[in-house]
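Colleague: Please take a close look at one part of this model for me. I would like the aromatic ring pairs, and then the helix that follows.

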Amino acid sequence: MRFKFRLQRILELREQHEQAQARQLASAQEVADHATQAQDALATLRANSHAQMHATTRAAPRVGHLHQLGTVLASLDERLVVAGDICREADAGVDRAKAMLEEAARDRRVLDRLKERHTDAWRTDEATKDRVHMDEVALTQFARKQEEKNNRAADSAG
């Protein structure tokens with residue numbers, strides 16, 4: 001006889017849900033990585049622009065050029081703030097996805113442990129049934145041999 005876990009379909013659904021949550025986590029992590037890369041690129045651009053502005057101030061700067069560099073730096077500062085917000089939102093999305101994955105994994109592990117317990121109980125029950133059956137066979141054979149022995153003894157006495 002083969003063990004059949006009555007909640008197997010639910011376990012399979014939980015496994016599928018856990019896999020879906022893992023995919024969502026990977027997607028959220030990818031979004032966060034892209035947001036971080038974009039923020040890093042903006043920070044590098046701002047640092048380069050800032051260095052260019054300082055280099056320009058050492059040479060005979062033109063007022064219009066300095067004003068333009070100042071405007072560019074201000075714009076980059078604003079974009080860095082927005083990029084920081086996007087990174088925080090993406091990181092929050094990663095945290096939510098991690099929490100959902102952990103919850104899905106916990107739910108699946110609960111059913112896995114329940115299945116293990118049911119499997120162990122089924123194995124124990126099957127082993128007990130086998131022992132009882134083997135004991136019955138042994139008792140039947142013993143009783144038959146005793147009967148044959150008694151019949152032979154009765155035949156030889158008679």
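Modeller: Start with the cover over helix 1. This is a predicted model. Helix 2 is among the parts that cover the buried residues of helix 1. Those buried residues are Leu11, Glu18, Gln21, Leu25, Ala28, Ala32, Ala35, Leu42, Ser49 and Thr56. Helix 1 itself has 51 residues. From its first C-alpha to its last, helix 1 reaches 75 Å, close to the 75 Å expected at 1.5 Å a residue.

Now the rings. The count comes to two aromatic pairs. One joins Phe3 and Phe5: the ring centres lie 6.5 Å apart and the planes meet at 25°. Planes under 30 degrees apart count as stacked, so the Phe3 and Phe5 pair is stacked. Both Phe3 and Phe5 are buried.

The other pair joins Phe3 and Trp122. Here the centres are 5.7 Å apart and the planes stand at 55°, so the pair is tilted. This pair links distant parts of the chain. Phe3 sits in the segment before helix 1, which spans 8-58. Trp122 belongs to helix 2, residues 63-157. The two are 119 residues apart.

Accessibility at Trp122 comes next. Its relative accessibility is 23%, so Trp122 counts as partly exposed. Phe3 and Phe5, by contrast, are buried.

Put together, the ring pairs link Phe3, Phe5 and Trp122 into a cluster. Through Phe3 and Trp122, the segment before helix 1 is linked to helix 2. Helix 2 also helps cover the buried residues of helix 1.

Key: Residues numbered from 1 in each chain as written. Predicted model: local features only at pLDDT ≥ 70, side-chain atom pairs only at ≥ 80, totals over all residues. Heavy atoms only, no water. Phe/Tyr/Trp six-rings, centres within 6.5 Å; stacked < 30°, edge-to-face > 60°. Buried < 20%, exposed > 50% of the residue type's maximum accessible area, 1.4 Å probe, protein only. Helix = DSSP H or I, 4+ residues; strand = E, 2+ residues; numbered from the N terminus. Expected span 1.5 Å × (residues − 1). Contact = heavy atoms within 4.5 Å.
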